[in-house]
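Colleague: I would like to learn how to read a few features of a protein model. Please give the general idea each time, then the case at hand.

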Amino acid sequence: MPLTATPHVVGLATRSGTAALAFNVITLEHAEAIAAACERTGRPALLAVSHNAVRHHGDDPAALVAACAAVARRCRLPLALHLDHVEDPELALAAPGLGCTSVMFDASKLPHGENVAATAEVAARLHTRGVWVEAELGEIGGKDGVHAAGARTDPADAAAFVAATGVDALAVAVGSSHAMTTRTARLDQDLIARLRDAVDVPLVLHGSSGVPDEELLAAVRNGMRKINVGTHLNTAFTGAVRETLAASDRVDPRGYLAAGRAAATDAAAELLALLRPRT
Ligand code: G3H
Ligand code: ZN
């Protein structure tokens with residue numbers, strides 16, 4: 001079907017009391033896996049291309065985003081294209097030309113005042129092109145920055161940040177951490193509920209790969225509206241690739257890529273089913 005706009009996918013989830021899933025795409029097989037998982041579960045999702053993935057593909061988003069768009073068009077469920085953790089305003093502003101209807105602009109490495117100014121400017125410019133903008137209230141330092149497990153977003157700061165920048169969604173630090181390969185994170189559920197009450201835009205959970213099922217379900221009950229998952233699909237994908245390579249001397253990449261794609265499909269489908277709207 002035609003590409004769907006991000007606010008539509010997030011809005012659908014919100015109205016049904018659940019959260020939209022945004023899965024990170026690095027290779028064509030990731031996009032195919034996510035589309036297959038959507039079709040298996042009957043749920044829409046977002047295909048998220050991160051700035052790091054863009055760097056991996058020659059610092060040019062065009063080929064990977066075009067591949068995602070082609071996969072989305074042949075998917076029978078709604079898929080939206082999202083640019084994730086974009087640190088360069090120029091890449092953020094390229095979103096509409098690429099067919100991306102949302103951008104997570106990440107100026108969290110900048111000092112607070114500069115983060116606010118840069119985010120407000122990018123949001124204002126992208127809003128004139130109809131693009132939905134997510135951002136985060138950052139802090140300096142640490143490999144994981146604001147998404148280190150100990151980092152927390154203050155509700156009053158969050159409200160002030162949203163008011164000052166005009167963003168459409170807010171990534172918050174509530175106990176998750178990027179790139180975890182075990183699902184052992186504990187979220188501050190009370191803080192999620194207080195953030196939900198403090199800000200009037202959807203809350204976004206980053207680093208969701210490390211969050212176990214019951215914590216994800218509780219986070220959604222407490223108001224989380226977009227759940228970002230990357231590493232969890234890669235754990236499944238790479239595990240299957242490893243097994244396939246270990247079991248055979250074949251050199252055709254289609255063998256191990258198909259195994260990786262199938263494993264990533266299962267992993268994405270499990271999460272989509274987990275966060276299915278409850279009736
Ligand atoms: O923005 C992307 C997500 O925060 C993914 O994090 O790889 O830890 O799931 P993750
Ligand atoms: Zn993230």
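Modeller: Start with a definition: a salt bridge is a side-chain nitrogen of Lys or Arg within 4 Å of a carboxyl oxygen of Asp or Glu. Keep in mind that this is a predicted model. By that cut-off, the side chains of Arg196 and Asp197 form a salt bridge, at 3.1 Å from N to O.

Colleague: Is Arg196 buried, partly exposed or exposed? And what about Asp197?

Modeller: Arg196 is partly exposed, because its relative accessible area is 35%. Asp197 has a relative accessible area of 59% and is therefore exposed. Salt bridges can also share partners, and in this way Glu32, Arg74 and Arg261 are joined into one network.

Colleague: How many salt bridges does the structure hold?

Modeller: The structure holds 14 salt bridges. One of them pairs the side chains of Glu134 and Lys226, with 2.6 Å from N to O. This pair links distant parts of the chain: Glu134 belongs to strand β5 (residues 132–136) and Lys226 to strand β8 (residues 224–229), and they are 92 residues apart.

Colleague: Are Glu134 and Lys226 buried or exposed?

Modeller: Both Glu134 and Lys226 are buried. The general idea is that side chains of opposite charge can pair when their charged atoms come close.

Colleague: Where do Arg194 and Asp190 lie?

Modeller: Both are in helix α9, four residues apart, which is about one turn of the helix. Their side chains meet in a salt bridge of 3.3 Å, N to O. Arg194 counts as partly exposed because its relative accessibility is 43%.

Colleague: Next, the metal. Which residues are the protein donors of the zinc ion (ligand 2)?

Modeller: For a metal, look at which atoms act as donors and how they are spaced along the chain. The zinc ion (ligand 2) has His85 (NE2), His178 (NE2) and His206 (ND1) as protein donors, lying 2.1 Å from it. Their spacing in sequence is H-x92-H-x27-H. His178 sits in the loop between β6 (169–172) and α9 (189–198), and His206 in the loop between β7 (203–205) and α10 (213–221), so this pair ties together parts that are 28 residues apart in sequence.

Colleague: Are His178 and His206 buried or exposed?

Modeller: His178 counts as partly exposed because its relative accessibility is 26%. His206 has a relative accessible area of 1%, so His206 is buried.

Colleague: How should I read a backbone angle such as phi?

Modeller: Most residues other than glycine have a negative phi. A positive value in another residue is worth listing. Ala179 has a phi near 65°, a positive value in a residue other than glycine. Ala179 is placed in the loop between β6 and α9, and it counts as exposed because its relative accessibility is 52%.

Colleague: What is phi of Asp59, and where is Asp59 found?

Modeller: Phi of Asp59 is near 60°, again positive in a residue other than glycine. Asp59 is found in the loop between α3 (51–56) and α4 (62–74). At 55% relative accessibility, Asp59 is counted as exposed.

Colleague: Last, surface charge. Which residues form the negative surface patch?

Modeller: Asp59 appears again here: the negative surface patch is formed by Asp59, Asp60, Asp88 and Glu90. Of these, Glu90 is in helix α5 (residues 89–93). Glu90 counts as exposed because its relative accessibility is 64%, and exposed means over 50%.

Definitions and conventions
Residues numbered from 1 in each chain as written. Chains lettered and ligands numbered in written order. Predicted model: local features only at pLDDT ≥ 70, side-chain atom pairs only at ≥ 80, totals over all residues. Heavy atoms only, no water. Patch = residues over 30% accessible without salt bridge, like charges linked within 9 Å, V, L, I, M, F, W, Y side chains within 5 Å. Areas by Shrake-Rupley, 256 points an atom, 1.4 Å probe, with all protein chains shown as cover. Lys, Arg positive; Asp, Glu negative; His and termini not counted. Charge placed at Lys NZ, Arg CZ, Asp CG, Glu CD. Helix = DSSP H or I, 4+ residues; strand = E, 2+ residues; numbered from the N terminus. Buried < 20%, exposed > 50% of the residue type's maximum accessible area, 1.4 Å probe, protein only. Donors = N, O, S within 2.8 Å, 3.2 Å for Na, K, Ca; no water.
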